[in-house]
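I opened the model to look up its overall build, its ring pairs and a few single residues. My entries follow in the order I worked.

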Amino acid sequence: MDSGANIVVCAGLLIGLVYGAVGLLSGFCLMSSLRGWWAEGDSRLIRSYALALGVAIVATQLLAGGGAVDLAKSIYLQRSFSAPLMFVGGLLFGYGMVLSNGCGSRALVLLGRGNLRSLVVVIVLGIAAQMTLKGLIAPGRIAVLQWTQMTVGITSLPALVAKFGVSEAFARSLAAPVVSAALIIFAFSHAPFQRAWGQIAAGLIVGLLIAAGWYATGHLGADDFNPVPVSSLTFVAPIADTLQYMMLSTGLTLNFGIVTVAGVFVGSLVTALATQRFHWEGFISPSHMLRSISGAVLMGAGGAMALGCSVGQGLTGLSTLSLASFVAVAGIMLGTAAGLNGALRVRPLAAA
């Protein structure tokens with residue numbers, strides 16, 4: 001690898017290490033956040049997620065506005081995409097999160113703490129994602145994509161605002177602060193969250209990590225002769241790539257996503273050992289294992305269809321203010337809601 005690629009790999013590893021430590025100490029997870037808010041009435045975790053998103057939007061848009069990162073080169077701001085495929089993929093991912101009791105990033109964090117259930121989830125998620133992206137399911141996904149994709153002239157919220165006769169720079173300076181301010185006000189409008197210093201720190205750090213990922217791949221890794229994909233934290237495709245790299249490393253090269261996945265696991269493991277939180281956990285019954293596997297399949301396939309997960313679309317994608325990301329996240333939220341409430345609610349498992 002050249003120096004630019006080496007810098008990106010090192011940055012990805014560092015970002016992953018920090019995310020793993022923060023994720024373990026704070027319990028940062030969209031599914032846990034929504035469960036705590038909707039089912040238990042505790043909204044501190046979802047406010048931490050909202051704070052992370054608010055910070056990510058401001059920091060990312062500042063990078064883009066200053067010319068440090070060209071977000072148009074990311075997958076989130078492509079002019080051709082399939083809204084139905086992304087929405088359905090989000091639905092599958094959201095419901096799969098509930099079945100598996102957490103998303104891919106949370107599974108990596110829990111694996112570092114000794115949770116063997118998460119090992120199964122990570123492996124199955126990666127296989128399902130690879131099957132959907134390049135394997136047996138890929139032809140069906142591609143056929144649906146070709147049938148339903150559309151080409152749009154407006155890819156982001158700032159571009160939409162610019163249609164009202166203002167410059168794109170002014171539109172960005174208007175849209176980003178408004179959306180970010182709404183999220184941050186929501187976060188701090190709750191008195192218990194104002195006293196939850198750990199959750200506040202987690203939200204701030206994760207939001208800055210999203211921007212750091214954009215800066216690493218979009219600026220530090222910028223090379224016209226050997227370009228690095230412009231991206232930030234996301235976990236579905238990188239988990240699939242990590243499994244493939246572990247099996248075929250001699251024919252592949254390390255990239256930002258692979259080392260981030262490794263960093264999250266190592267960061268969580270080191271933190272768990274240092275804080276004496278490491279302990280082995282397994283499935284309580286065969287039905288528990290089947291449920292987790294089913295959820296992992298839905299997350300892998302759904303995340304591949306939606307071009308991201310609760311972090312990849314929910315934080316990284318939305319930090320670009322991509323309209324397509326709003327579609328994917330709407331699907332994720334509805335899928336999670338279906339798994340937590342109503343006729344399709346995932347029932348608690350009885351102990352074996």
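Before placing any loop residue I fixed the terms: helices are DSSP runs of H or I with at least four residues, strands are runs of E with at least two, and both are numbered from the N terminus. The model is predicted.

**Entry 1: overall build**

I counted 16 helices and 2 strands in the protein chain. The radius of gyration came out at 19 Å, close to the 20 Å that the globule rule gives for 352 residues, so I noted the chain as being as compact as a globular protein of that length. The C-alpha trace spans about 65 × 55 × 45 Å along its principal axes. Of the 352 residues, 53% are buried. I also looked up the contacts between residues at least 6 apart in sequence, and 80% of them join residues at least 24 apart.

**Entry 2: aromatic pairs**

I found 8 aromatic pairs in the structure. For phenylalanine 28 and tyrosine 49, the ring centres are 5.5 Å apart and the planes are at 15 degrees; stacked pairs need under 30 degrees, so this pair is stacked. Phenylalanine 28 sits in the loop between helix H1 (3–26) and helix H2 (30–38), tyrosine 49 sits in helix H3 (residues 44–65), and the pair, 21 residues apart, links distant parts of the chain. Both phenylalanine 28 and tyrosine 49 are buried.

I then turned to phenylalanine 188 and phenylalanine 193, an edge-to-face pair at 5.4 Å centre to centre with 65 degrees between the planes. Phenylalanine 188 has 31% relative accessibility and counts as partly exposed. Phenylalanine 193, at 0%, counts as buried.

Tracing the ring pairs further, I noted a cluster of Tyr19, Phe28, Tyr49 and Phe235. I also logged arginine 47 over the face of phenylalanine 186, at 4.4 Å from the ring centre.

**Entry 3: glutamine 199**

Which residues does glutamine 199 touch, not counting those up to four places away in sequence? I listed Ser26, Leu45, Ser48 and Phe193. Glutamine 199 itself is in helix H11 (residues 197–220). With 14% relative accessibility, glutamine 199 counts as buried. Its side chain reaches the backbone oxygen of serine 26 at 3.0 Å.

**Entry 4: H4, the loop after it, and H5**

Helix H4 (residues 83–100) has 18 residues and reaches 25 Å from its first C-alpha to its last, close to the expected 26 Å. Serine 82 caps the N-terminal end of H4, with a side-chain oxygen 3.1 Å from the backbone nitrogen of leucine 85. I checked burial along H4 and found buried residues including Ala83, Leu85, Gly89, Gly90, Phe93 and Ser100.

Asparagine 101 comes just after H4, in the loop between H4 and H5. Its phi is near 65 degrees, a positive value in a residue other than glycine. Asparagine 101 has a relative accessible area of 41% and is partly exposed.

Is helix H5 (residues 104–112) buried or exposed? I found 9 of its 9 residues buried, so H5 is largely enclosed by the rest of the structure. Among them are Arg106, Leu108 and Val109. Just after H5, I noted glycine 114 with a positive phi of about 100 degrees.

**Entry 5: H14 and the residue beyond**

I looked up two serines in helix H14 (residues 286–306), of which serine 294 and serine 292 are both members. Serine 292 is buried, at 3% relative accessible area. Leaving aside neighbours within four places in sequence, I found serine 292 in contact with Leu99, Ser100, Val121 and Phe283. Serine 294, at 30% relative accessibility, counts as partly exposed. I also checked serine 294 against valine 121: they are 173 residues apart in sequence and 9.0 Å apart in space, C-alpha to C-alpha.

My last lookup was leucine 307, in the loop between H14 and helix H15 (312–319). Its phi is near 60 degrees, a positive value in a residue other than glycine. Leucine 307 counts as partly exposed at 35% relative accessibility.

Key. Residues are numbered from 1 along each chain as its sequence is written. This is a predicted model: local features need pLDDT of at least 70, side-chain atom pairs count only at pLDDT 80 or more; totals for chains, interfaces and linings use all residues. Side-chain values use heavy atoms; hydrogens and water are left out. Rings of Phe, Tyr and Trp (its six-membered ring) pair if their centres lie within 6.5 Å; planes under 30 degrees apart count as stacked, over 60 as edge-to-face and the rest as tilted. Buried means under 20% relative accessible area, exposed over 50%, partly exposed in between (1.4 Å probe, protein chains only). A charge sits over a ring if NZ of Lys or CZ of Arg is within 6 Å of the ring centre and within 35 degrees of the ring normal. The expected span of a helix is 1.5 Å times one less than its number of residues. A polar contact is a pair of N or O atoms within 3.5 Å; within protein, one must be able to donate a hydrogen and the other to accept it, and residues adjacent in sequence count only if both atoms are side-chain atoms. The radius of gyration is taken over C-alpha atoms; the globule rule is 2.2 Å times the number of residues to the power 0.38. Contact means heavy atoms within 4.5 Å.
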